[in-house]
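Please keep the sequence and the coordinates side by side while reading the paragraphs below. They go from strands to a small sheet, and then to the empty spaces between the atoms.

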Amino acid sequence: MATLVEAITTLLTFGGLVYMLLALWGARDFGHYCRRVAASQAQGSAYAPDVTILKPIKGVDPRMYAGFVSHCRQTYAGKFEIIFGVSTLDDPAAGQVERLRYEFPNCRIRLVECKEVLGTSGKVSNLVQMLREARYEYVVINDSDIKVSPNYLTRVMSCFGAAAGAGAAAGVEDARVGMVTAPYRGKTATEGKALTVWSRLEALGISTDFLPGVLTARKIEGGIRFGLGSTLAVSRTALAAAGGLETLVDYLADDYEVGARIAKAGYSVELCSEVVETTVPVYGFLGFWDHQLRWARSTRDSRRWGYMGLGITYCLPWAVLNCVASGFALWSFTLLSLALLARVSVALTVGVGILRDEQVLRDIWLLPLRDFFGLGFWAWSFASDTVVWRGERFRLRDGRLSRIE
């Protein structure tokens, strides 16, 4: 039995090393793409169509208002408006929108009360109603806590231009592009409290685990066929061809589904070079557990075959287990050293090199713990279909949510 476990953990470690090499290859390819786009955009005026930003909100989240402000300070050549959506005007977030209107009177800001309950996902239900109020053909959807740079709209919307895709003249639309999405990093927020290890682990996972997986999929599949909730920029034409938001009111991973359906409708999905920032709250262990399991089970239902293979990617935990199974043989420590080198290389290349996340340097010593938790969440995600979302319990079946009474 010990020999069998040793053989299995050896194979899994080598499989993880292969994945790390693919992740580095994907990161290198994306880096070259970003430089080509930047050079192309520098040659002329970027494509800048008028755009509506949709932000569904519920309650007041840490650093949420700073994110609102960042959207109002865009240096964008086209027109843009921001529509906030709440289920009820009694929501405390409505007061934040009124404050924003007062501070930025020249910015087109609207607050929409979304009274209809169209499905289990309150977020998508509100988005359907907000979309009806949008003035423009292009729509950008992102979460309430997303913080962006002043060049956010310029860089995201320019990806709809031919210059970003094929290197044609800047300012020309490329009708093949149906969606643009963006990478993101997690910023730990203290809210006046001591920063917890659980918040650090989640932020570290976003920069060193999640995005490497996205870049690997992009390289292997010749592009991405899904969206990231940090940014969903779509043309309403492509969205309608994909079935619209109405078909997603019961889905947990609505961001993934929108991108997958737009790609299936014959449009391309672009991952732009603009990096945005999301807030990681001050978690206790239970909050971290619920959030990570929701992500894991959401991914499990969205990309079933890819998710099955995700367990192989954790080369560091497999290498540690291999040391134990081999009785701490000298060769197993060599394998562990290779796994550690590969893992740190991916973390630095993607987390620091692409995302510019300085927190990775602060918390890189937590990588082994993060990866053991990641492997544990992957395994445990198959044990149940239950997820917790904003304090409510749901059952997840084939990506669809149903409330547990």
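Which residues point one way from β9, and which the other way? In this model, which is predicted rather than determined by experiment, Val276, Thr278 and Val280 point to one side of β9, whereas Glu277 and Thr279 point to the other, and all of them are buried. Strand β9, which spans residues 276–280, is accordingly described as mostly covered, with five of its five residues buried. The partner to look for is strand β6, residues 184–188, which runs parallel to β9 and is joined to β9 by five bridges. One pair to locate on the display is Arg185 with Glu277, since Glu277 in β9 is the bridge partner of Arg185.

Further along the chain there is an open sheet of three strands, in the order β10-β11-β12, and its pairing is antiparallel. Strands β10 (386–389) and β12 (400–403) stand at the edges and have a single partner strand each, so that one side of each is left without a neighbour in the sheet. Neighbouring strands of this sheet are turned against each other by 40° on average, with direction ignored. Between β11, residues 392–397, and β12 the antiparallel pairing extends over four bridges, and Arg395 has Ser402 in β12 as its bridge partner. Helix α10, which covers residues 285–302, lies across β10 and β11 and runs at about 125° to β10.

The next residue to find is Arg343, which has its place in helix α13, residues 330–354. Is Arg343 buried or exposed? Its relative accessibility is 2%, and because buried means under 20%, Arg343 counts as buried. Leaving aside neighbours within four places in sequence, Arg343 is in contact with Met20, Thr208, Asp209, Leu316, Leu367 and Asp371.

Several of these names return when the empty space is examined. Rolling a probe the size of a water molecule over the atoms shows where empty space is left. The structure holds four cavities of 30 Å³ or more, and about 60 Å³ of space lies in the largest cavity. Arg343 is one of the residues that line the largest cavity, and the lining also includes Met20, Thr208, Asp209 and Asp371, each of which is in contact with Arg343 as well. The rest of the lining is made up of Tyr19, Pro212, Thr313, Tyr314 and Val346. The elements that give two or more residues to this lining are α1, α7 (197–220) and α13, and the largest share, three residues, comes from α7. By residue class, the lining of the largest cavity divides into five nonpolar, two polar and three charged residues.

The second largest pocket can be read in a similar way, and about 400 Å³ of space lies in it. Of the 20 residues that line this pocket, those closest to its centre are Cys34, Ser273, Val275, Ile354 and Arg356. Two elements, α1 (2–41) and α13, give two or more residues to the lining of the second largest pocket, and the largest share, nine residues, comes from α1. Eight residues of this lining are nonpolar, six are polar and six are charged. Helices α1 and α13 are thus to be found among the contributors of two or more residues both to the lining of the largest cavity and to the lining of the second largest pocket.

Terms used. Residues numbered from 1 in each chain as written. Predicted model: local features only at pLDDT ≥ 70, side-chain atom pairs only at ≥ 80, totals over all residues. Heavy atoms only, no water. Pairing = 2+ DSSP bridges. Axes fitted to C-alpha atoms, helices over the stretch in contact; angles between N-to-C directions. Contact = heavy atoms within 4.5 Å. Buried < 20%, exposed > 50% of the residue type's maximum accessible area, 1.4 Å probe, protein only. 1 Å grid on protein atoms, 1.4 Å probe; cavity = no way out; pocket = protein on both sides within 12 Å on 5 of 7 lines; lining within 4 Å. Points joined across faces, edges and corners; volume = space filled by probe spheres on them. Nonpolar A, V, L, I, M, F, W, Y, C, P; charged D, E, K, R; others polar.
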